[in-house]
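This report invites the reader to examine a protein chain alongside its sequence. Please keep the structure in view while reading.

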Amino acid sequence: MVKAFTNFAESSRKITFFCLRSGQRHDVTLDGRHFFLRTSVEYSNPQLTVEEVQGIIAARLLEVCGTYFVSHKLDDVDETVVGELCELLQKPPQGRIIPFLLNTDDVEPDRYSINPLKESIVSSGQSAFPAASVKTEQLCIDQKFIKKYEGALISSREAELITRNLRACDNNYMNMVDAVKYEQLEYLSEQFGMDLHLCTLRMPQDMLSREHSEGLLHHVIREAHRDYASIEHVYSCIGRSMKSRSTLLTIPHSPKGYGSKRAAKGKIYFDGTRLKNIRVDYETTKLYPNAIDPNDVSVAVADDHFTIEGSKLVNYAYCETPSSPQFFLYSLASPENAAIWHGIGAFGASQLVKSYLTIRLASARGSLFKGLADEHKVSSSIPLQFNLKPEHIWFHPVHRNIDASIGTVGNLKDLAAIGMRLESLPVESYIRDENNKMESS
């Protein structure tokens with residue numbers, strides 16, 4: 001971390017984040033002189049999970065240690081140094097290393113079957129909507145969920161917290177989730193003795209809806225769909241074959257509001273080398289179960305079929321064709337100089353890391369998405385990759401599930417006792433050969 005911070009290339013790009021403190025939103029604009037460290041929490045559940053809390057604490061520990069040891073000897077650690085580090089943790093980030101939450105707003109609102117609003121999410125017809133589009137006026141706590149999972153996935157106090165914020169979120173689901181999680185972070189900051197109010201960046205829907213038609217994410221979507229060769233190049237970076245052409249690089253939203261990447265199936269068609277059109281089929285699809293009951297699988301209910309003309313993507317405008325680009329594309333717009341993954345090799349998907357890094361490298365080399373560095377001030381350096389080691393991922397001390405809400409843990413010292421182990425992932429081991437046209441399962 002110290003080496004990466006010392007050698008990282010500054011940029012003139014400015015990023016606006018937000019943070020909630022005592023229920024009040026504060027926007028913060030920072031420039032590329034800062035070294036940004038990415039972690040995240042989910043919009044697929046309002047309550048903080050123990051895994052999410054661990055990622056936030058890991059980010060603060062890494063940030064504080066990095067900031068401190070840039071100007072101190074790495075091999076000179078004693079109780080005095082530990083005390084100084086603890087003092088730094090009690091304050092918001094003070095230096096140029098900035099931890100932040102990159103929260104994906106295109107996720108389904110109950111992706112992992114741990115959302116206590118799940119029944120009304122389905123009954124209101126919003127289970128296949130992206131979180132950015134979900135409205136709260138018809139949402140309410142599922143009492144069957146509370147009865148079944150209280151003490152394992154949710155606590156009664158958290159259910160009350162969610163209900164209170166449902167009434168005060170102005171019909172905006174993501175605002176409700178942010179309010180709940182930041183309120184929980186306020187309490188956890190006191191309990192852990194460290195300021196956990198990390199600033200947040202929502203992507204990709206929030207960024208696409210705010211930027212103009214020549215903005216960064218619009219540029220990425222256009223370049224990815226320019227012609228057969230550009231799509232083939234992206235496919236090779238993500239380990240896909242052009243034989244089936246069924247992986248959509250951005251998933252057009254249905255006129256009915258659907259945007260679930262899992263519920264959407266499609267195919268890309270060409271006229272010679274020109275992108276002709278994309279067929280999109282939304283169908284009801286199972287998502288994922290929670291860790292307590294493997295038979296309780298969340299679902300995205302959808303039914304729609306349509307075709308998008310290729311010109312709508314080649315000359316992309318979000319206001320005309322709302323869509324959800326894949327993470328390996330829109331993460332190019334994240335300002336991160338380092339990233340924290342969770343349990344790669346066990347809980348996390350190593351294939352996603354490979355796609356993310358190979359796309360980053362192709363962009364840095366200029367073989368994909370030309371103009372990002374010059375026009376949009378995007379750094380060409382490859383971010384440092386950290387991983388919370390699977391054997392030390394936090395879990396509920398009784399039920400041993402990593403998707404437990406933080407409110408179900410009676411004694412937070414039980415989590416601290418598990419420890420915190422970070423490893424640095426070797427970037428070279430996660431780079432695909434761009435010229436190797438392989439098909440991934």
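The sections below treat confidence, helices, a strand residue, enclosed and open spaces, and backbone details.

## Confidence in the model

The structure is a predicted model. Its mean pLDDT is 95, and 98% of the residues reach 70 or more.

One stretch calls for caution: over residues 436–441, pLDDT stays under 50. For these residues the model has 14 contacts beyond four places in sequence. Where pLDDT is low, the predicted coordinates should not be read in detail.

## Two covered helices

Helix α2 runs over residues 50–70 and has 21 residues. At 1.5 Å a residue, a helix of this length should span 30 Å, and the end C-alpha atoms of α2 are indeed 30 Å apart, so expectation and model agree. Of the 21 residues of α2, 16 are buried, and the helix is therefore largely enclosed by the rest of the structure.

Helix α10, residues 228–237, is mostly covered as well, with seven of its ten residues buried. These are Ser230, Ile231, His233, Val234, Tyr235, Ser236 and Cys237. Which elements cover them? The covering includes helices α9 (216–224), α12 (327–330) and α13 (350–365), together with strands β7 (264–271) and β8 (274–289).

## Phe36 in strand β3

Phe36 belongs to strand β3, which covers residues 35–39. Is Phe36 buried or exposed? Its relative accessible area is 2%, and a residue under 20% counts as buried, so Phe36 is buried.

The contacts of Phe36 show what surrounds it. Leaving aside residues up to four places away in sequence, Phe36 touches Phe17, Leu30, Asp31, Ile98, Phe100, Pro335, Glu336, Asn337 and Ala338. Sequence separation and distance in space can also be set side by side for one pair: Phe36 and Arg96 are 60 residues apart in sequence, and their C-alpha atoms are 8.3 Å apart.

## Enclosed cavities

How many cavities of 30 Å³ or more does a search of the whole structure find? It finds two. The largest cavity has a volume of about 180 Å³. It is lined by 19 residues, of which Ser11, Pro335, Glu336, Asn337 and Ser379 are the closest to its centre. Pro335, Glu336 and Asn337 are also among the residues that Phe36 touches. By class, the lining of the largest cavity has eight nonpolar, seven polar and four charged residues.

The second largest cavity has a volume of about 50 Å³. Its lining consists of Val41, Leu101, Asn103, Val177, Asp178, Lys181, Tyr182, Leu185 and Thr200. The elements that give two or more residues to this lining are strand β4 (97–104) and helix α7 (173–192). Helix α7 provides the largest share, five residues. The lining of the second largest cavity divides into five nonpolar, two polar and two charged residues.

## An open pocket

The second largest pocket holds about 530 Å³ of space. It is lined by 19 residues, and those closest to its centre are Ile15, Thr16, Leu201, Met207 and Arg210. Strands β1 (14–21), β2 (24–31) and β5 (199–203) and helix α8 (205–210) are the elements that give two or more residues to the lining.

Which element gives the largest share of the lining of this pocket? Strand β1 does, with five residues. By class, the lining has eight charged, six nonpolar and five polar residues.

## Backbone details

The peptide bond from Met203 to Pro204 is cis, with omega near -5°. Pro204 lies in the loop between β5 and α8, and both of these elements contribute to the lining of the second largest pocket.

Two residues other than glycine have a positive phi value: phi is near 60° for Ser113, and phi is near 60° for Lys377. Ser113 is in the loop between β4 and α4 (118–123), while Lys377 is in the loop between α14 (372–376) and β12 (384–388). What is the relative accessibility of Ser113? The value is 0%, and Ser113 therefore counts as buried. Lys377, at 37% relative accessibility, counts as partly exposed, because partly exposed residues fall between the limits of 20% and 50%.

Terms used
Residues numbered from 1 in each chain as written. Predicted model: local features only at pLDDT ≥ 70, side-chain atom pairs only at ≥ 80, totals over all residues. Heavy atoms only, no water. 1 Å grid on protein atoms, 1.4 Å probe; cavity = no way out; pocket = protein on both sides within 12 Å on 5 of 7 lines; lining within 4 Å. Points joined across faces, edges and corners; volume = space filled by probe spheres on them. Helix = DSSP H or I, 4+ residues; strand = E, 2+ residues; numbered from the N terminus. Nonpolar A, V, L, I, M, F, W, Y, C, P; charged D, E, K, R; others polar. pLDDT = per-residue confidence, 0-100. Contact = heavy atoms within 4.5 Å. Expected span 1.5 Å × (residues − 1). Buried < 20%, exposed > 50% of the residue type's maximum accessible area, 1.4 Å probe, protein only.
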